[in-house]
Amino acid sequence: MNAYILNRSGKRISQQLVCTDIDIPSPQCDEVLIKTMAIGIAPLSARVGREDWQSGSQTLIPGWNIAGVIVKKGTDISTLDLGEAVFGLVDFPGSGKTYAEYVIAKERHLTGKPGHLSFEEAASAPLGSLFAWQSLFYDAKINGKSKVMIRGAAGCIGHFGVQIARYLGAHVIASASAYKSKFLAQLGADGFLNQYAPVPGKLCGAIDVVLDDISTSTGQALRSAAVLKPGGRLIVTRFALNAEAVEQAREMGIIAGPAYLHPNSDDLRLVANLMARGDIRPFISAVFPFDKLPLAQRRAEIGRSSGAIVVRL
C-alpha cells in the first residue's frame with residue numbers, strides 16, 4: 001500500500017512527508033483493518049509519535065482522523081462488522097498512522113459512520129468534534145447560563161466549538177478574522193469579535209469559558225483570559241500549559257488547562273448522533289486527492305481555512 005511517512009528533512013510536517021510503498025498491516029485480535037476512503041487533516045498533526053521518532057522508526061506515519069470501510073477484523077471485535085463504514089480518531093495523541101491507504105485501529109477508537117454523511121465529512125469531524133464536546137461539556141460544564149468565547153472559531157476545532165456551545169444552550173462569542181464573520185453567524189454565533197482588534201471593554205470580565213484554538217504560547221493564551229470572570233475557565237487546544245502557567249492563571253483568579261480529549265467510541269457515537277440529527281455539522285474548506293496530501297498538510301499548517309481540510313482516496 002501507499003503511505004506517507006516522515007523523514008528528518010524540512011522544518012514543517014508538510015515538508016517531511018514522503019509517499020512510500022509499504023506492506024499492508026495485519027490486525028491483532030483487538031483491531032480492525034480499514035480501507036481508507038478519506039483522511040481529515042489538522043494542524044495538530046505536527047504532534048506525532050515523538051517516542052517513535054526518537055527511537056529511529058523508519059515508518060512513522062502521522063494522522064488521526066479516518067473514515068473508511070472495515071476489510072478485516074480480529075477475533076475479539078464485537079461491535080463492528082466486516083464491510084461496515086466507520087470513522088474515528090485513531091491512537092491520539094500518538095501516531096495514528098492514518099496517512100495511508102489502509103489503517104489499523106482499535107475498536108474503542110471507532111464508530112459507525114452516519115449514513116447521511118459522506119466519507120469526507122465523516123473524516124473531517126473526529127478530532128474537532130471530540131475536542132469541542134469533551135472540553136465544553138465535561139471540562140467546562142457549560143449550560144444555558146454560560147457565556148462562551150471561541151477563539152480561532154472558524155478552524156477545525158473552533159467551528160465545532162461554536163455549534164456545540166450553542167447546542168448546550170450557551171451564549172457564544174466567536175473570535176476570528178473579520179472575513180469569517182458571516183460563516184460564523186451561519187453556525188449560530190450570537191456575537192463576533194475580530195481577533196486582531198482590541199477587546200471591547202464590555203466583554204472584559206464577562207465570559208465564563210474561553211476555548212482557545214489559536215494561541216501558541218503561554219503569553220498569548222493568558223492574554224486571551226482577560227475576558228473571563230473570576231473563576232472562569234481557559235481551555236487551550238494547541239499546546240499544554242505548564243505548571244507555571246497554571247499557577248499564573250490561578251493568581252489571575254481563573255482556572256486554566258489543556259483541552260480535554262480522550263478518544264472513545266461512546267463519545268464518537270454521541271457526536272455522530274448529533275450530526276445525524278443535524279444539531280451540529282462538519283464544514284469542509286478544501287478536499288485534496290491522496291497524491292496531494294502534503295499540500296493539504298501545508299494548507300492546514302497555514303491555518304487560514306474555515307472548517308476542515310480533507311484528503312479523498
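In this predicted model, helix H8 is followed by Gly253, a residue whose phi is positive, near 90°. At the other end of this element, the start of H8 (residues 243-251), a side-chain oxygen of Asn242 comes to within 3.2 Å of the backbone nitrogen of Glu244.

The strands of the model include an open sheet of 6 members, arranged in the order S10-S9-S8-S11-S12-S13 with parallel pairing. Its edges are formed by strand S10 (191-194) and strand S13 (255-258); each has a single partner strand, so one side of each is left without a neighbour in the sheet. From one strand to the next, the twist averages 15°.

Within this sheet, strand S8 (residues 147-151) and strand S9 (residues 171-176) run parallel and are joined by 5 bridges. Met149 has Ile173 in S9 standing opposite. Helix H5 (residues 158-167) lies across S8, S9 and strand S11 (207-212). The direction of H5 is at about 165° to that of S9.

Two backbone features were found in the loop between strand S5 (85-89) and S6, the loop that holds Asp91 and Pro93. Asp91 is not a glycine, yet its phi is positive, at about 55°. The peptide bond that joins Phe92 and Pro93 is cis, with omega at about 5°.

Strand S6 (residues 102-106), which follows this loop, also contributes to the second largest pocket: 5 residues of the lining come from S6, the largest share. The space in this pocket amounts to about 280 Å³. Its lining consists of 18 residues, and those nearest the pocket centre are Pro25, Ser95, Gly96, Lys97 and Ile104. Classified by residue type, the lining of the second largest pocket comprises 9 nonpolar, 4 polar and 5 charged residues. Pockets of this kind are located by a general approach: rolling a probe the size of a water molecule over the atoms shows where empty space is left.

Taken together, the backbone features described above include a positive phi at Gly253, after H8, and another at Asp91, along with the cis bond between Phe92 and Pro93. The sheet is open and its pairing is parallel, with H5 lying across S8, S9 and S11. The second largest pocket draws on S6 for the largest share of its lining, and Ile104 is among the residues nearest its centre.

Note on methods
Residues numbered from 1 in each chain as written. Predicted model: local features only at pLDDT ≥ 70, side-chain atom pairs only at ≥ 80, totals over all residues. Heavy atoms only, no water. 1 Å grid on protein atoms, 1.4 Å probe; cavity = no way out; pocket = protein on both sides within 12 Å on 5 of 7 lines; lining within 4 Å. Points joined across faces, edges and corners; volume = space filled by probe spheres on them. Helix = DSSP H or I, 4+ residues; strand = E, 2+ residues; numbered from the N terminus. Nonpolar A, V, L, I, M, F, W, Y, C, P; charged D, E, K, R; others polar. Pairing = 2+ DSSP bridges. Axes fitted to C-alpha atoms, helices over the stretch in contact; angles between N-to-C directions. Contact = heavy atoms within 4.5 Å. Polar contact = N/O pair within 3.5 Å; in protein donor to acceptor, adjacent residues only side chain to side chain.
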